[in-house]
Amino acid sequence: MEIPAINLKAIVLVHWLLTVWGCMAWLPPSYAWGNFSVLAVGVWAIAQRDSIDAVLMFLIGIAVTILTDIIHFGIYYPLPEGLSEMNRDTFRFSAGMAILGLVLKPVSCFIIYQMYRERGGDYNVNFGFPSVTRNRDAYQSIDQQDQTASSANPFNQARDTKPGAANSS
């Protein structure tokens, strides 16, 4: 599947703009701090073009802000009663931009993951469980050990000397 060539700068700029607009009317400072912190990591990923860690941190940050944005919207979304028509429009615009930013984050995660892979990152999920592999070419059979001098005498001691005996010269 061919993905469009979208620059990391464009992703950071779009999410910055949507976060600013989302913070205009109703979201708490924790929403702004969380999203702007992740965008700062995105600036780090832009500045260090070869850094795999920067892109991975940005990817993880965007993924975490998906969850925190949902929590913020669930807690703070109800429209307060008694707003004037102008404040009501500002609230709607702010909420729409914040929701649009949330909708775009999974797409951004996919694109950032592709950039991570292009920079040489290969993230394999390993939960610590032993895995079974069928490739046994790298293993040496116990039945076919080489009988070399070094393997027969693993400590490279001379055969005539006894352990603990001192040489008298």
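## A salt bridge within helix α4

In this predicted model, Asp 89 pairs up with Arg 92 in a salt bridge, and their closest N and O atoms sit 3.8 Å apart. That gets in under the cut-off, because a salt bridge here needs the side-chain nitrogen within 4 Å of the carboxyl oxygen.

Why do Asp 89 and Arg 92 end up about one helical turn from each other? They're three residues apart in helix α4, so about one turn of the helix separates them. As for cover, Asp 89 has 40% relative accessibility, so it counts as partly exposed.

## A salt bridge between helices

The count comes to two salt bridges, and Asp 69 with Lys 105 is one of them. Here the closest N and O atoms are 2.5 Å apart. This pair ties together distant parts of the chain: Asp 69 belongs to helix α3 (residues 52-76) and Lys 105 to helix α4 (residues 85-118), with their positions 36 residues apart.

Buried or exposed, then, for Asp 69 and Lys 105? Both are buried.

## The nonpolar patch

Now for the surface. Leu 13, Trp 16, Leu 17, Val 20, Trp 21, Met 24 and Phe 93 make up a nonpolar patch of about 620 Å². Which helix gives the patch its largest share? That's helix α1 (residues 8-22), with five residues.

Take Trp 16, one of the patch residues. Its place is in helix α1, and its relative accessibility is 42%, so Trp 16 counts as partly exposed. That value also clears the bar for patch membership, because patch residues need over 30% relative accessible area.

Terms used. Residues numbered from 1 in each chain as written. Predicted model: local features only at pLDDT ≥ 70, side-chain atom pairs only at ≥ 80, totals over all residues. Heavy atoms only, no water. Helix = DSSP H or I, 4+ residues; strand = E, 2+ residues; numbered from the N terminus. Buried < 20%, exposed > 50% of the residue type's maximum accessible area, 1.4 Å probe, protein only. Patch = residues over 30% accessible without salt bridge, like charges linked within 9 Å, V, L, I, M, F, W, Y side chains within 5 Å. Areas by Shrake-Rupley, 256 points an atom, 1.4 Å probe, with all protein chains shown as cover.
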